[in-house]
Amino acid sequence: MAGWTGTGGGSRRPAGAGTVLVLRLLFLGLILLLWGLASATVPRGLIPSPAATAEAAARLWAEGRLQTAIGQSLLTYGTGLGAAVLVGIPLGALMGMVRLLGRTLDIFVFALAATPRVAFIPLIIVLLGLGTEAKAMIVFLGAVMPIVLNTYAGVLARDGELIEMARSTGASAARIQLHIVLPGALPFLVVGLRLGATIGLINTVVAELYTAVTGLGGLLALYGNTFRMADYFVIVLALAAIGVIVTESLRLLEGRLSRWRLPDRP
């Protein structure tokens, strides 16, 4: 969401994209400055400098380790998150549209959402082994619950008056669901996707640590256990970059899908 700037008379308007970009770059510069100061003040080797981290990133990329690990992690992450989207959105929408089904299942969905995913890892390993399928299932279990619950909440928040108006014009139930209920649930759905994507990325690292130690999670464990902190920071920053790319992509998707909404007033 764009930032806001004040105007005369107490009104507000959204800040331009250029302003937001400049502020983000300034904040990034502040982070790099604080990072450099921290690396210079803490005991030697504990926090690498930005320059040392950049050198480590270039070396890992030249060796092929970084891109190989990123590819392995993205395969696990994409498979699990994709399955969560394919299951979570239809299930959450169906629970919201069929109230009896929603009231029957919601207590079990909330119970599963509150259960730590690591509790399922031994069972998943027994059933699926240590390969990509097991890792993707761990990611799926972490990502699917926010998607289901937010889609469910979005459908339940439908505008009753708008639906009655549509019915009075002879609109079919399917048309109402497609053109009123689902578009109205879009903001909830995107929030669910963002949460699911974030938790899924965390679970990707967890899956790679608990199963076959591969991908970015495997390198994270290797460099952390051997105190290769510059290499360790490269992996942390790679995970952060993936998270930013995914969430910003979802933000752009929300903007494209939300063009039916009224524009913000000045």
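Helices H3 and H4 are oblique to each other. In this predicted model, their axes come within 6 Å and cross at roughly 125°. An angle over 145 degrees would count as roughly antiparallel, and one from 65 to 115 as roughly perpendicular, so the crossing of H3 and H4 falls under neither heading. Helix H3 covers residues 65-97, and helix H4 covers residues 99-114.

The contact between the two helices can be followed residue by residue. On the H3 side it is made by Leu-91, Leu-94, Met-95, Gly-96 and Met-97. On the H4 side the residues are Arg-99, Leu-101, Gly-102, Leu-105, Asp-106 and Val-109. Sorted by type, the residues of this contact are seven nonpolar, two polar and two charged.

Further along H4 lies Ala-113. Is Ala-113 buried, exposed or partly exposed? Its relative accessible area is 26%, and because buried means under 20% and exposed means over 50%, Ala-113 is partly exposed. Leaving aside residues up to four places away in sequence, Ala-113 touches Met-145 and Leu-149. Another residue to locate here is Val-148, which is 35 residues from Ala-113 along the chain. The C-alpha atoms of Ala-113 and Val-148 are separated by 9.8 Å.

Now consider the protein as a whole. It has eleven helices and two strands. Starting at the N terminus, the order is β-β-α-α-α-α-α-α-α-α-α-α-α. Of its 266 residues, 33% count as buried. The protein exposes about 15,600 Å², and carbon and sulfur atoms supply 70% of that area. Among contacts between residues at least 6 apart in sequence, 70% join residues at least 24 apart.

The next topic is the interior. The largest nonpolar core has 42 residues. Which elements each supply at least two residues of this core? They are H2 (50-63), H3, H5 (121-128), H6 (132-156), H9 (186-210), H10 (215-225) and H11 (229-257). Helix H6 gives the most, with twelve residues.

Within the core, the residues with the most contacts are Tyr-77, Leu-216, Ile-235 and Leu-239. Ile-235 serves as an example. Not counting residues up to four places away in sequence, Ile-235 touches Leu-66, Leu-216, Leu-219, Leu-220 and Tyr-223. One of these, Leu-216, is also among the core residues with the most contacts.

Conventions:
Residues are numbered from 1 along each chain as its sequence is written. This is a predicted model: local features need pLDDT of at least 70, side-chain atom pairs count only at pLDDT 80 or more; totals for chains, interfaces and linings use all residues. Side-chain values use heavy atoms; hydrogens and water are left out. Helices (H or I, at least four residues) and strands (E, at least two) are DSSP runs, numbered from the N terminus. Buried means under 20% relative accessible area, exposed over 50%, partly exposed in between (1.4 Å probe, protein chains only). Contact means heavy atoms within 4.5 Å. Accessible areas come from the Shrake-Rupley method with a 1.4 Å probe; for residues, only the protein chains shown count as cover. Axes are lines fitted to C-alpha atoms, for helices over the stretch in contact, and angles run from 0 to 180 degrees between N-to-C directions. Angles under 35 degrees count as roughly parallel, over 145 as roughly antiparallel, 65 to 115 as roughly perpendicular and the rest as oblique. Ala, Val, Leu, Ile, Met, Phe, Trp, Tyr, Cys and Pro count as nonpolar, Asp, Glu, Lys and Arg as charged, and the others, Gly among them, as polar. A nonpolar core is a set of buried Ala, Val, Leu, Ile, Met, Phe, Trp, Tyr and Cys residues joined through side-chain atoms within 4.5 Å.
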